[in-house]
Amino acid sequence: MTVVVVIEAVVLLVLGLVVAGLLASYSGLNERIRRVEGRAPQQRLPPDDFALTPVEGHREDGTTVLQLVGRTPLGDEVILPTAGVDHDLLVAFLSSGCTSCGSLWADLREGRLPVLPAYLRLVVVTRGVTDESPAAIADLAPDDIDVLMSTEIWEDFSTPGSPYFAYVEGATGRVVGEGTALSWTQVLALVATSSGDAAVVSETGRDLAKPRSDRDRENGVDLLLLNAGILPGDPSLYPTPAIEVALNGEVS
Amino acid sequence: MTTHRALGISVDVPRGWEARISRMVPQPGDHVEEQHHPYLHLASFPLPPVRAHYGGGAVERMRTDDVFIAVLDFGTEAANTSLFGHAGLPRRLARSGFSARQLQRMIPGQLGSQHFCTVAGRGVVLYVVLGGGTALSTKVPMVNALLPSISFSHEGIKA
């Protein structure tokens with residue numbers, strides 16, 4: 001009996017070692033593939049930091065950013081001010097290849113972004129067109145969110161990897177909070193810490209999940225109407241129902 | 001000011017203002033040989049990512065002290081036609097030239113000014129919207145200061 005137990009224990013130990021070896025091998029291969037694809041973050045964040053970590057005093061020189069200059073995935077060249085404006089800015093550094101960014105992109109695309117305070121503007125920044133494919137980013141990003149592609153912005157913010165978030169005070173352009181987060185709910189905590197607005201995290205958030213095709217169709221129709229000079233609320237969008245016309249016709 | 005230059009258009013952007021230089025996107029129903037020229041949007045307020053050429057989608061967000069500027073390139077075929085007969089962009093806009101009747105879309109309180117001209121051999125429209133009367137004194141001088149900085153390079157604005 002004792003011999004059987006010992007044999008079983010040895011077999012289990014060997015199997016355990018094989019499984020551990022396979023996992024380590026898979027992890028190494030995965031990392032190597034990501035590096036070959038050029039998508040690996042240049043500097044991996046330590047696991048302990050891979051949760052929301054607003055860094056106070058990290059920027060000893062009090063980094064100030066006056067503007068963001070970049071290109072949208074559709075080719076617009078943009079200068080977006082970050083100082084001397086009456087709103088704060090939340091800069092979300094995302095990339096197309098980072099696994100953790102996937103759910104953040106999906107939430108943006110499918111309208112699951114929590115309600116942000118009115119004084120806060122969200123801008124997503126990816127690396128520039130030499131490091132990221134505009135087509136891939138256009139596919140990930142929704143039309144109604146500002147997305148800029150610029151490696152220079154990443155360097156200006158000393159971004160350590162993605163996902164990463166920076167909170168910029170609009171009055172001064174000073175970076176007052178930064179850190180990483182795996183969900184938009186965690187990002188709200190960064191916003192609350194940076195802005196001192198605790199009410200931010202008490203928001204329940206919208207549940208506006210909508211198929212992307214619907215959103216694309218709506219955006220396309222909106223743009224056509226805008227170009228034709230028809231704005232939200234235009235009376236022509238609300239024709240009088242036929243039954244009302246008929247009734248009014250009888251009355252008059 | 002920061003100089004913003006792309007797609008053949010260049011402009012000095014005042015601090016705190018936003019600038020976007022875009023190319024007209026093909027629309028369903030466009031003629032096969034339809035030219036898609038670049039255009040500039042400049043604003044003292046945050047511009048939404050999706051906007052119409054004359055600011056639809058953006059001008060509704062303006063406060064009374066805001067300004068929106070659109071400079072649209074209509075290509076060589078429009079140049080020197082009777083509508084685009086004026087040579088060069090206006091260098092100075094008079095406050096008296098702004099009125100609600102100049103608006104592409106009437107929004108109560110807003111004032112507009114629209115000019116057609118030929119610049120660098122291309123038909124160009126300058127369209128300025130003020131959020132309200134306050135901007136006549138606060139923003140028109142800023143618009144006049146930046147107008148001379150707007151320039152076109154012929155090679156860069158090929159459709």
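Let's start with helix 5 of chain A and ask which of its residues are buried. They are A:Trp184, A:Val187, A:Leu188, A:Leu190, A:Val191 and A:Ser194. Because those residues cover an arc of only 155° around the axis, they sit on the same side of helix 5 of chain A. If you wonder why that can happen, remember that an α-helix has 3.6 residues a turn, so residues three or four places apart point the same way. Keep in mind, please, that everything I show you today comes from a predicted model.

Now, how far should helix 5 of chain A span? It has 12 residues, 184-195, and at 1.5 Å a residue the expected span is 16 Å. The C-alpha atoms at its ends are 16 Å apart, so the two values agree. Right after helix 5 of chain A comes A:Gly196, which has a positive phi, near 75°.

Let's move over to chain B. Its secondary structure comes to two helices and nine strands. Try reading the order along the sequence with me: β-β-β-β-β-β-β-β-α-α-β. Of the 159 residues in chain B, 39% are buried. Here is another number for chain B: take the contacts between residues at least 6 apart in sequence, and 62% of them join residues at least 24 apart.

One residue I'd like you to find is B:Gly56. Where does B:Gly56 lie? Look in the loop between strand 4 (38-43) and strand 5 (67-75) of chain B. Is B:Gly56 buried or exposed? It has 22 C-beta neighbours inside 10 Å, and the cut-off for buried is 20 or more, so B:Gly56 counts as buried. For a sense of distance, B:Gly56 and B:Thr118 are 62 residues apart in sequence, and their C-alpha atoms are 24 Å apart in space.

Finally, let's see how the two chains meet. How many residues does each chain bring to the contact? Chain A gives 23 residues and chain B gives 24. On the side of chain A that touches chain B, the elements giving two or more residues are strand 2 (77-81) and helix 7 (212-227) of chain A. Sorted by class, that side of chain A has nine nonpolar, seven polar and seven charged residues.

Stay with strand 2 of chain A for a moment. Three bridges join it to strand 3 of chain B, residues 18-23, and the two strands run antiparallel. If you'd like a spot to zoom in on, try A:Glu77, which stands opposite B:Ile21 in strand 3 of chain B.

How values were computed. Residues numbered from 1 in each chain as written. Chains lettered and ligands numbered in written order. Predicted model: local features only at pLDDT ≥ 70, side-chain atom pairs only at ≥ 80, totals over all residues. Contact = placed C-beta atoms within 7 Å. Helix = DSSP H or I, 4+ residues; strand = E, 2+ residues; numbered from the N terminus. Nonpolar A, V, L, I, M, F, W, Y, C, P; charged D, E, K, R; others polar. Pairing = 2+ DSSP bridges. Buried ≥ 20, exposed ≤ 12 C-beta atoms within 10 Å, placed from the backbone. Expected span 1.5 Å × (residues − 1). Arc of directions from axis to C-beta.
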